[in-house]
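Here are some short exercises to work through with the structure open. Try each task before you read the solution under it.

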Amino acid sequence: MPRVLVSGLATLLAAAALPLAVCMLLLPVRGTLAETNAALIVMLVVVAVAAFGNRGAAVITALSAAVSFVFFFATPYASFTYIDNPDDAITAGLLLVVGLSVSQLARRYNRERAIATTLQRSLLPQVLPDTSAVRAAYRYVPAEAGVGGDWFDLIPLPGFRTALVVGDVVGRGLSSAVTMGRLRTAVRNFSTLDLPPDELLARLDEVVIQMDAEAGASEDGIVAATCLYAIYDPVSCSCAMARAGHFPPAIVHPDGRAEILDLPECPPLGIGGLRFEAVERQLPEGTQLVLYTDGLIEDRHRDICTGLKLLRDALFGAADPEETCETILKAVLPARPVDDVALLIARTRAFPRDRTAEWDIPASPAAVPALRAEVSPKLADWNLGEAAFITELMLSELATNAIRYGAPPIHLRLLRETNLVMEISDGSSTTPHLRYAAATDEGGRGIFLVAQFAERWGTRFTPTGKIVWAEQAAPSVSVAPVLASVA
């Protein structure tokens with residue numbers, strides 16, 4: 001007989017025997033125990049079985065409870081066909097009805113909770129991407145009270161940079177999980193625009209306001225959330241961060257010292273009309289950046305300052321992100337968390353200097369041939385001779401555009417990893433656009449050629465202008481072992 005069938009039959013037999021066993025245990029006090037109290041005790045047994053969510057077992061338990069109550073308390077030692085007290089029959093019927101009703105409610109509750117939990121987990125990242133910028137680890141601890149709206153993410157960005165984000169939607173339940181998924185999707189979409197943290201939070205704030213307006217004026221429709229967004233650049237070893245109503249991150253220095261960063265406290269998402277402020281901080285190679293949600297810190301048995309102190313003490317001397325996650329959960333996590341906990345830890349890496357090359361470009365078209373002549377030996381040194389023609393072609397187009405339509409200073413940077421990234425910066429905020437030139441047009445083909453030859457290309461703005469970048473595959477030499485050795 002199949003094991004599943006045997007297990008199912010055993011469950012049904014246990015469900016039928018449980019009310020009978022309870023009634024037999026109550027026999028010694030039958031004379032002093034009121035029938036109402038006996039009915040309540042048996043009813044609690046039915047409710048307890050129904051809470052497990054097995055509908056068949058709940059139905060069997062309800063039937064067994066009704067029959068056992070009638071036999072042991074309504075007509076003891078008599079016939080089932082003779083009941084001298086109509087109230088006993090009503091009580092037995094109520095036992096059956098309540099048992100069936102509770103089993104149905106328990107089944108619906110468990111089904112809705114399973115749907116909400118499945119939805120929530122499907123909206124969270126299952127595996128963090130491996131990037132050149134950080135080595136990351138995460139933990140997610142659901143609350144005992146129900147499904148919440150905490151989320152986290154790690155997003156690779158152009159130029160081998162990495163964005164780290166944690167957030168929390170106020171409230172719990174299926175609606176919070178859905179809102180969390182929408183906000184995480186919005187953050188990923190905005191990250192493709194390569195926005196700095198403060199601008200991304202401003203756009204996310206508009207999304208929350210729009211979601212709140214769509215939800216209506218009901219109390220259940222109010223949408224509020226907090227978020228912390230950070231971008232780490234392994235070339236400059238700098239990290240730009242901004243928070244919207246969220247707890248500040250913690251860092252562990254390479255020497256083991258831990259501190260809670262003092263970031264400007266900005267309003268939660270959904271307020272509107274207020275600006276967000278970003279802060280840039282140098283994070284040397286080997287620094288751990290710790291992002292978390294409020295469920296880790298807040299607890300009814302301690303204040304927030306105590307929770308932050310426990311976190312800082314737990315981080316002292318931490319080295320490996322995975323071990324740090326476990327240490328934090330053991331030392332800081334409340335015994336019975338009333339809110340979800342999302343924890344994201346990233347250990348920074350530095351981009352190898354021998355895989356970086358930079359040139360200043362004079363603001364003259366005549367400088368482009370000389371620039372190609374200087375770049376060609378570097379490509380050969382990186383074993384990219386086969387890609388030299390395409391690289392020099394894209395370089396000519398991007399450099400010429402920057403000279404003709406941009407503003408000084410103009411700068412070229414090449415980054416060599418498993419891909420080759422070309423970045424040309426200038427002091428103008430004019431954005432190049434992809435055009436499809438006609439056969440009679442004299443210009444308009446430069447960016448089109450770049451888009452054809454590059455795997456990806458785009459523009460990101462800086463405080464002093466913009467950077468136009470293009471990325472192409474360069475798999476002949478991998479620096480992954482180099483980056484792994486410094487992790």
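**Exercise 1.** Find the element that holds Val-178, then decide whether Val-178 is buried, partly exposed or exposed.

*Solution.* Keep in mind that this is a predicted model. Start with the element: Val-178 sits in helix α5, residues 174-191. Next, check the cover: the relative accessible area of Val-178 is 37%. Buried means under 20% and exposed means over 50%, so Val-178 comes out as partly exposed. Finally, look at the company it keeps: Val-178 joins Ile-115 and Leu-174 in a nonpolar surface patch, and together they have about 240 Å² of accessible area.

**Exercise 2.** Work out why strand β10 (residues 341-348) counts as largely enclosed by the rest of the structure.

*Solution.* Step one is a count: eight of the eight residues of β10 are buried, so the strand is largely enclosed. Step two is to take the faces separately. In a regular strand, side chains alternate between the two faces of the sheet. Here Val-341, Leu-343, Ile-345 and Arg-347 are buried on one side, while Ala-342, Leu-344, Ala-346 and Thr-348 are buried on the other. Step three is to find the pairing strands. Strand β1 (residues 134-141) runs antiparallel to β10 over eight bridges, and Tyr-140 has Ala-342 as its bridge partner. Strand β9 (residues 288-292) is also antiparallel to β10, joined by five bridges, with Tyr-292 opposite Leu-343.

**Exercise 3.** Which residues of the largest nonpolar core touch the most other members, and which strand gives the most to this core?

*Solution.* Nonpolar side chains tend to be buried together in soluble globular proteins. The largest core has 52 residues, and those touching the most other members are Trp-151, Leu-183, Val-187, Leu-204, Tyr-229, Leu-269 and Leu-289. Strand β4 (residues 225-233) contributes the most to this core, with seven residues. Now pick Leu-289 and skip its neighbours within four places in sequence: its contacts include Leu-164, Met-241, Pro-249 and, back in the strand from Exercise 2, Leu-344, Ile-345 and Ala-346. Don't stop at one core, though: a second, separate one of 28 residues includes Val-375, Ala-388, Leu-398 and Ala-474.

**Exercise 4.** Take the salt bridges Arg-135 to Asp-320, Arg-184 to Asp-153 and Arg-456 to Glu-471, and for each one say which parts of the chain are linked and how covered the partners are.

*Solution.* Side chains of opposite charge can pair when their charged atoms come close.

- Arg-135 and Asp-320 meet at 3.2 Å, N to O. This pair links strand β1 to the loop between α7 and α8, 185 residues apart. Arg-135 is partly exposed at 35% relative accessible area, whereas Asp-320 is buried at 16%.
- Arg-184 and Asp-153 have their closest N and O atoms 2.9 Å apart. Arg-184 belongs to helix α5 and Asp-153 to strand β2, with 31 residues separating the two. Both are buried.
- Arg-456 and Glu-471 also form a salt bridge, at 2.9 Å, N to O. Arg-456 lies in strand β14 and Glu-471 in strand β15, so the pair ties together parts 15 residues apart in sequence. Arg-456 is partly exposed, at 38%, while Glu-471 is buried, at 8%.

One last step: look at the two strands of that third pair. β14 and β15 form a hairpin with two residues between them, pairing antiparallel over seven bridges.

Note on methods: Residues are numbered from 1 along each chain as its sequence is written. This is a predicted model: local features need pLDDT of at least 70, side-chain atom pairs count only at pLDDT 80 or more; totals for chains, interfaces and linings use all residues. Side-chain values use heavy atoms; hydrogens and water are left out. Patches are made of residues with over 30% relative accessible area and no salt bridge: like charges are joined within 9 Å, nonpolar side chains (Val, Leu, Ile, Met, Phe, Trp, Tyr) within 5 Å. Accessible areas come from the Shrake-Rupley method with a 1.4 Å probe; for residues, only the protein chains shown count as cover. A salt bridge is a side-chain nitrogen of Lys or Arg within 4 Å of a carboxyl oxygen of Asp or Glu. Helices (H or I, at least four residues) and strands (E, at least two) are DSSP runs, numbered from the N terminus. Buried means under 20% relative accessible area, exposed over 50%, partly exposed in between (1.4 Å probe, protein chains only). Two strands pair if DSSP finds at least two bridges between them. A nonpolar core is a set of buried Ala, Val, Leu, Ile, Met, Phe, Trp, Tyr and Cys residues joined through side-chain atoms within 4.5 Å. Contact means heavy atoms within 4.5 Å.
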